[in-house]
Amino acid sequence: MKKVWINGCFDVLHYGHFKLIDYAKSLGDLVIGIDSDERIRQMKGDNRPFHTEGQRVFNLMQIRDVDKIVVFDSDDSLRNHLKTYQPDIFVIGDEYMYKPIIGGEYAKEIKFFGKLDGFSTTKLLDDE
């Protein structure tokens, strides 16, 4: 079975996350990397994350066939996880198609997943 990696905040799970996870799971054994609470605060502001790191790990582990969750708090930490895991496939949103992909050099293949219009945790939380 191929080793598959995805990463992100996965703060408030929505349809777009589930479609991404479903696609990644269809390719092999899935490990998900999530940003630490502090990293999310640095990137998105003091009112984030909505769910704590522990809650996000718990929520993701409820999804069938998610094999493992790892937490990273820096670009170097993310690179180290990828270097250790050595994924066959790194699945990432297509918004990164022409951008540097942190740790992408440790994957045998990168597959881009088309972002679903209208699905964004930030947008969900801002609409409230």
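Colleague: Is Asp65 buried, partly exposed or exposed, going by its relative accessible area?

Modeller: Let's start by saying that this is a predicted model. Asp65 sits in the loop between H3 and S3, and its phi is near 70°, a positive value in a residue other than glycine. Its relative accessible area is 48%. Buried means under 20% and exposed means over 50%, so with 48% Asp65 is partly exposed.

Colleague: Thanks! And what is the phi of Gln86?

Modeller: Gln86 is found in the loop between H4 and S4. With a relative accessible area of 37%, Gln86 is partly exposed. Its phi is positive, in a residue other than glycine, and the value is near 50°.

Colleague: Let me step back to the whole chain. In what order do the elements run from the N terminus on?

Modeller: The secondary structure comes to five helices and five strands. Reading from the N terminus on, with α for a helix and β for a strand, the order is β-α-β-α-α-β-α-β-β-α.

Colleague: What share of the residues of the chain count as buried?

Modeller: A residue is buried when its relative accessible area is under 20%. The chain has 128 residues, and the share that count as buried is 41%.

Colleague: For contacts with a separation of 6 or more, what percentage comes from residues 24 or more positions apart?

Modeller: Here we look at contacts in the chain and at how many positions lie between the partners in sequence. Among contacts with a separation of 6 or more, residues 24 or more positions apart account for 62%.

Colleague: Now for helix H2. Which of its residues are buried?

Modeller: Helix H2 covers residues 37-44. Seen down the axis of H2, the buried residues fall within an arc of 160°, so they line one face of the helix. Those buried residues are Asp37, Arg39 and Ile40.

Colleague: What covers that buried side of H2?

Modeller: Both strands and helices take part in the cover. The elements include strand S2 (29-35), helix H3 (53-61), strand S3 (66-72) and helix H4 (75-85).

Colleague: Which residue just after H2 takes a positive phi?

Modeller: We look just past the end of the helix, where phi is about 110°. The residue is Gly45.

Colleague: Further along, which two residues does a cis peptide bond join?

Modeller: The place to look is the loop between H2 and H3, where Pro49 lies. The omega of this bond is about 5°. The cis peptide bond joins Arg48 and Pro49.

Colleague: Let's turn to charges. Which residue forms a salt bridge with Arg39, with the closest N and O atoms 2.7 Å apart?

Modeller: Side chains of opposite charge can pair when their charged atoms come close. Arg39 counts as buried at 13% relative accessibility, and its partner also counts as buried, at 5%. Both belong to a network of salt bridges that links them with Asp75. The partner, 2.7 Å away by the closest N and O atoms, is Asp35.

Colleague: H2 also holds Arg41. How far apart are the closest N and O atoms in its salt bridge with Glu38?

Modeller: Arg41 and Glu38 both lie in helix H2, three residues apart, about one turn of the helix. Arg41 counts as partly exposed at 32% relative accessibility, and Glu38 is partly exposed at 42%. Their closest N and O atoms are apart by 3.4 Å.

Colleague: How many residues apart in sequence are the parts tied together by Asp88 and Lys108?

Modeller: Asp88 and Lys108 form a salt bridge, with the closest N and O atoms 2.8 Å apart. Asp88 lies in the loop between H4 and S4 and Lys108 in the loop between S4 and S5, so the pair ties together parts whose distance in sequence is 20 residues.

Colleague: Is Asp88 buried or exposed?

Modeller: Its partner Lys108 is exposed, with a relative accessible area of 68%. For Asp88 the value is 15%, and the limit for buried is under 20%. Asp88 is therefore buried.

Colleague: One last stop, the surface. Which residues form the nonpolar patch?

Modeller: One member, Tyr98, lies in the loop between strand S4 (89-93) and strand S5 (109-113). Tyr98 is exposed, with a relative accessible area of 77%. Together the patch residues have about 450 Å² of accessible area, and they are Tyr96, Met97, Tyr98 and Phe112.

Terms used:
Residues numbered from 1 in each chain as written. Predicted model: local features only at pLDDT ≥ 70, side-chain atom pairs only at ≥ 80, totals over all residues. Heavy atoms only, no water. Patch = residues over 30% accessible without salt bridge, like charges linked within 9 Å, V, L, I, M, F, W, Y side chains within 5 Å. Areas by Shrake-Rupley, 256 points an atom, 1.4 Å probe, with all protein chains shown as cover. Salt bridge = Lys/Arg side-chain N within 4 Å of Asp/Glu carboxyl O. Helix = DSSP H or I, 4+ residues; strand = E, 2+ residues; numbered from the N terminus. Buried < 20%, exposed > 50% of the residue type's maximum accessible area, 1.4 Å probe, protein only. Arc of directions from axis to C-beta. Contact = heavy atoms within 4.5 Å.
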